[in-house]
Amino acid sequence: MAEGFALQGAVGVVTGAASGIGAALAVALARRSCDLALVDRDAEGLKAVEAAVAAAGARASRHVLDLADGDAILALRDAVEARHGRVSLLVNNAGVALGGTFAETDLADFEWLMDVNFRAVVRMTHAFLPLLLREPAAQVVNMSSLYGLIAPPGQAAYAASKFAVRGFSEALRHEHAGGRLGVSVVHPGGVATNIARSARHPKGLDPAAIEQGRRAFERFLRLAPEAAAAEILRGIERRAPRIIVGTDARRVALIQRLMPVGYWRLIARLSRLER
């Protein structure tokens, strides 16, 4: 495997590209002369990002679809191949959130989250793998989370999905070790996106309590998406197997390594001190 991955001249597919980290990644990739297929449910958001990509001098195509639809993913692969001819970079970035304890969670909501956060990653990778393996060098980038390293209370569904992305990504990387395909798994910390505001919550919860929890969570979302994207792109260019994004994520990852079972007691104590 080549030591680095050249973004110039690459053709990338980015999911969740209409906002947040996905939008910032799309624009940053375009500035490195990477043509893009932009994927999201948000048609208006995709239009704005496509315009920003064009302004940066790259070609882009827009693909509006629900990543929970497996048939739509197969059609997406065919559409991207017809439009761009090849794919050398796949960024599985799209994700959703679900608040509440496991006891409060409706299993239908749990399955919805797993469909978007984990099963879509598997389906996208399986669909695009034949195209990626045609390339002299290709890279898969899967978005896990800080909650793919630790599992806080109230995040059973989200942590389960992000741990699953991590496990899938590591196994895929080991399967292709020494070959032309690299696999990076990304663990961002608190990035200032809309994921908390757009999260689903268990039915029947007090709206005031939901809003209070959302505001408390958003206090930890400090890193700008553009700064997160810059860190991720540096990791992609290095073909880093694990990309930990943000000072908070690196600190928590260290605590988890030092205290693999009892990490939450210390993290919770530090969080209270920072409020």
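**Exercise 1. A charged pair in H2**

In which helix do glutamate 44 and lysine 47 both lie, and how many residues apart are they?

*Solution.* Some conventions come first. The model is predicted, so that local features need pLDDT of at least 70 and side-chain atom pairs count only at pLDDT 80 or more, whereas totals for chains, interfaces and linings use all residues. Residues are numbered from 1 along each chain as its sequence is written, and side-chain values use heavy atoms, with hydrogens and water left out.

Step 1. Helices are DSSP runs of H or I with at least four residues, strands are runs of E with at least two, and both are numbered from the N terminus. Both residues belong to helix H2 (residues 43-55), 3 residues apart, about one turn of the helix.

Step 2. A salt bridge is a side-chain nitrogen of Lys or Arg within 4 Å of a carboxyl oxygen of Asp or Glu. Glutamate 44 and lysine 47 form one, with their closest N and O atoms 3.6 Å apart.

Step 3. Buried means under 20% relative accessible area, exposed over 50%, and partly exposed in between (1.4 Å probe, protein chains only). Glutamate 44 is exposed at 55%, and lysine 47 is partly exposed at 41%.

**Exercise 2. Salt bridges beyond a single helix**

State the number of salt bridges, and describe the pairs formed by arginine 32 and by glutamate 50.

*Solution.* Step 1. The count comes to 12 salt bridges.

Step 2. Arginine 32 pairs with glutamate 237, the closest N and O atoms being 3.5 Å apart. Because arginine 32 lies in the loop between H1 and E2 and glutamate 237 in helix H7, the pair ties together parts that are 205 residues apart in sequence. Arginine 32 is partly exposed at 32% relative accessibility, and glutamate 237 is partly exposed at 31%.

Step 3. Glutamate 50 pairs with arginine 62, with 2.5 Å between the closest N and O atoms. This pair links distant parts of the chain, glutamate 50 in helix H2 and arginine 62 in strand E3, 12 residues apart. Glutamate 50 is partly exposed with a relative accessible area of 22%, as is arginine 62 with 37%.

Step 4. A network of salt bridges links Glu111, Asp115 and Arg119.

**Exercise 3. The sides and ends of H3**

Determine which residues of H3 are buried, what they pack against, and what is found at the ends of the helix.

*Solution.* Step 1. The expected span of a helix is 1.5 Å times one less than its number of residues. For the 15 residues of H3 (residues 70-84) this gives 21 Å, and the end C-alpha atoms are 21 Å apart, which agrees.

Step 2. The buried residues of H3 are Ala72, Ile73, Leu76, Val80 and His84. They cover an arc of only 95 degrees around the axis, which puts them on the same side of H3; the arc is that of the directions from the helix axis to the C-beta atoms. Asp71 and Ala82, on the other side of H3, are exposed.

Step 3. The buried residues of H3 pack against strands E1 (11-15), E2 (35-40) and E3 (60-64) and helix H4 (107-132).

Step 4. At the N-terminal end, aspartate 69 caps H3 through a side-chain oxygen that lies 3.1 Å from the backbone nitrogen of aspartate 71. After H3 comes glycine 85, with a positive phi near 85 degrees.

**Exercise 4. A buried aspartate**

Describe the surroundings of aspartate 40.

*Solution.* Step 1. Aspartate 40 lies in strand E2.

Step 2. Aspartate 40 is buried yet has no salt bridge; arginine 41, the nearest side chain of opposite charge, is 6.8 Å away. Lys and Arg count as positive and Asp and Glu as negative, while His and the chain ends are not counted.

Step 3. Contact means heavy atoms within 4.5 Å. Leaving aside neighbours within four places in sequence, aspartate 40 is in contact with Gly16, Ala17, Ala18, Leu46, His63, Val64 and Leu65.

**Exercise 5. Positive phi outside glycine**

Locate serine 33 and arginine 239, and state their phi and their exposure.

*Solution.* Step 1. Most residues other than glycine have a negative phi.

Step 2. Serine 33 has a positive phi near 65 degrees. Serine 33 is in the loop between helix H1 (20-31) and E2, and is partly exposed at 40%.

Step 3. Arginine 239 has a positive phi of about 55 degrees. Arginine 239 lies in the loop between helix H7 (225-238) and strand E7 (242-245), and is buried at 8%.

Note on methods
Polar contact = N/O pair within 3.5 Å; in protein donor to acceptor, adjacent residues only side chain to side chain.
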